[in-house]
Amino acid sequence: MSTVDETGAGPIPSAPLLEVDDLFVEFHTRDGVARVLNGVSYRVAAGETLAVLGESGSGKSVTAQTVMGILDTPPGVITGGAVRFHGEDLLTAPDRRRRAVRGSGIAMIFQDALSALNPVFTVGFQIEEQLRVRRGMSRKDARKRAVELLELVKIPNARGRVRQYPHEFSGGMRQRAMIAMSLALDPELLIADEPTTALDVTVQAQIMDLLKEIQVERHMGLILITHDLGVVAEVADRIAVMYAGRIVEQADARSVYRRPGHPYTAALLDSLPRLDQKGTELNTIKGLPPSLLRIPDGCPFHPRCARAQDVCRTEVPPQHRPEPGRLSACHFAEELIADA
Amino acid sequence: MTDPSTAASASSIEAHTHVLAAEHAGTETAGAPGKPDKPRSLASDAWDDLRRRPLFLIAGSLIALVLLMALFPFLFTQTDPGYADLARSRQGPSAQAWFGYDNQGYDIYARTIHGARASIVVGICATTLTVLIGGTLGLLAGYYGGWLDGLMSRVADVFFGLPFVLGAIIILSSFGSTGTTSVAQIMFLVVMSIAVLSWPVCMRIMRSAAITAKQQDYVKAARALGASSSRIILRHMLPNAVAPVLVYATIALGAFIGAEATLSFLGLGLRAPVVSWGVMIADSRDIIRVAPHTLLFPAAFLTATVLAFVMLGDAVREALDPKTR
């Protein structure tokens with residue numbers, strides 16, 4: 001069914017499920033205009049997992065919020081670009097249409113499930129509410145479906161659990177409930193915004209396994225936003241690395257890990273603790289991410305880049321294909337890949 | 001033919017014994033996971049919780065008693081509150097008149113019972129109106145923000161700047177021309193002046209609670225799941241923002257009954273022939289030192305009622321927060 005395209009970027013279906021095209025977002029703050037997204041583009045196909053990697057403030061979550069239409073405006077202003085779902089631009093679609101897509105077309109999982117679940121309603125009620133309002137289900141049917149959904153995300157004693165409040169759930173269980181809630185309307189695309197960051201390591205693995213399992217089963221598109229490279233390696237088909245509101249590298253997961261095509265990706269991978277480097281200090285990336293109020297001229301990464309040349313300080317590197325199936329925004333991407 | 005009927009009677013007997021068994025079980029394990037399909041909602045859970053709080057039970061029974069007084073005063077007294085016997089003026093409590101007689105020779109017990117109605121009506125109406133106006137405006141201001149919030153907040157500031165008594169004096173003296181006004185009209189005026197001068201407090205409380213709720217992830221999550229603005233406001237923000245307003249409302253109810261008394265005391269609010277606790281307290285002001293019982297009884301009822309509502313507010317607030325259960 002799916003074939004490998006000529007670029008080798010993995011399976012591509014006939015039309016992408018979601019296409020984020022050259023998105024620009026600014027935040028108008030008291031200190032000035034922060035350019036949060038500067039031309040972000042990515043695509044997700046059905047059944048595909050795209051991992052969006054990056055430090056805090058790199059624009060991962062803002063992109064997701066713009067896609068969902070839950071960006072706070074003000075202070076956010078979308079200054080350009082398009083978000084196409086099945087080819088339809090959501091940014092220009094009427095509000096009613098956008099609401100219809102939310103939940104049933106695209107759903108989102110939040111980082112902190114405790115704050116993303118309404119504390120005054122039972123978990124069951126919150127799942128049922130969508131089914132009753134959006135699907136017109138009766139209370140009884142909705143309750144039945146809610147129990148099924150909680151069982152789907154492997155919550156033990158789902159029948160009793162639907163009647164409990166979010167604060168009566170443990171952290172992992174809450175995130176499972178959150179996943180169940182986002183699946184209630186059978187979305188085609190799921191955006192998981194750091195779904196495991198608030199959880200401990202063993203629970204993280206369970207949640208990731210669950211997400212992967214559900215995604216495969218439902219042939220869903222999955223956008224996984226994270227800063228955890230370990231999480232990404234196991235589940236992602238493709239990886240987009242973001243830095244200062246730009247995607248600096250995009251390629252299939254395997255080639256990103258083997259031969260990073262951007263110095264920032266290389267530095268990120270280098271900073272991972274490794275079993276074969278026992279006793280040595282961890283490598284870090286020097287400096288801090290740039291302030292989005294004053295993004296440096298040229299390549300935004302050049303002040304922290306070990307390979308920076310004169311050209312990096314003056315010219316913004318264009319996003320180009322250093323090799324088939326890979327996009328990189330580095331002047332020296334080809335050399336970097338060849339060196340690896 | 002006989003089979004089904006016997007079966008039916010047998011099953012009814014069986015059902016009956018089950019009911020008895022359930023009753024027995026219920027007394028010991030109330031709320032235990034015996035009934036798995038019992039719906040659990042904020043309101044029903046809050047009620048389950050409230051029923052077990054002594055604070056609520058005390059406050060509730062006091063309020064029920066006062067409400068009963070307001071609705072059916074003749075259950076408590078047969079004496080006409082409008083009958084004055086000047087010969088008994090300022091007589092202290094006795095077996096015949098439990099609370100004694102006031103300056104005009106009115107039976108204080110009868111008047112206290114009959115006074116509950118005016119005080120309660122003014123208190124409840126003023127509170128309802130205040131919470132409705134303030135709560136709605138606060139919720140809208142908090143949700144939409146921007147110029148709407150700015151406009152509403154400035155208007156609220158204007159009303160907030162008016163001292164309560166001064167504002168009420170102006171409203172009541174300019175609209176409540178003496179003589180022509182009926183009892184209903186004067187009550188309406190008192191309620192309106194209280195509500196008009198008090199809604200900004202309620203609006204501010206609701207606005208800040210709504211802003212807090214709006215920034216929560218669950219409101220974002222609701223939007224991400226395609227909920228409409230009205231659903232977000234009513235389903236997700238209101239239940240999370242309502243607790244402080246409810247607490248304010250119960251405290252305000254007591255305060256408004258007191259405010260009615262203040263206005264009556266100043267000769268601006270309710271006046272004879274209407275009987276209210278405020279009117280009675282006003283009547284007793286000149287003779288407090290010679291006949292303190294004329295102040296004591298209406299003031300005690302007023303205080304107890306206000307206290308009961310404050311206690312109720314406390315209990316309700318705790319019951320509405322699932323985390324304190």
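## A tour from His86(A) to the core

Start by selecting His86(A): this residue is partly exposed, with 14 other C-beta atoms within 10 Å. The model is a predicted one. His86(A) sits in the loop between strand 6 (76-85) and strand 7 (88-89) of chain A. Check its backbone: phi is near 55°, a positive value in a residue other than glycine.

Next, select Glu194(A). Its phi is near 45°, again a positive value in a non-glycine residue. Look for Glu194(A) in the loop that runs between strand 9 (189-193) and helix 8 (201-218) of chain A. Is Glu194(A) buried or exposed? Glu194(A) counts as buried, because it has 20 C-beta neighbours inside 10 Å.

Now zoom out to the whole of chain A. Its secondary structure comes to 13 helices and 14 strands. The radius of gyration is 21 Å, close to the 20 Å that the globule rule gives for 340 residues, so chain A is as compact as a globular protein of that length. Along the principal axes, the C-alpha trace spans about 65 × 50 × 50 Å. Of the 340 residues in chain A, 47% are buried. Take the contacts in chain A with a separation of 6 or more: 64% of them join residues 24 or more positions apart.

Go inside. The largest nonpolar core has 175 residues, and Leu150(A), Ala177(A), Ile191(A) and Ile223(A) touch the most other members. Helix 7 (residues 183-214) of chain B gives the most to this core, with 16 residues.

Finish at Ala177(A). Beyond its neighbours within four places in sequence, Ala177(A) contacts Ala113(A), Leu117(A), Val123(A), Leu150(A), Ile155(A) and Phe169(A).

Terms used. Residues numbered from 1 in each chain as written. Chains lettered and ligands numbered in written order. Predicted model: local features only at pLDDT ≥ 70, side-chain atom pairs only at ≥ 80, totals over all residues. Core = buried A, V, L, I, M, F, W, Y, C linked by C-beta atoms within 7 Å. Buried ≥ 20, exposed ≤ 12 C-beta atoms within 10 Å, placed from the backbone. Helix = DSSP H or I, 4+ residues; strand = E, 2+ residues; numbered from the N terminus. Contact = placed C-beta atoms within 7 Å. Rg over C-alpha atoms; globule rule 2.2 N^0.38 Å.
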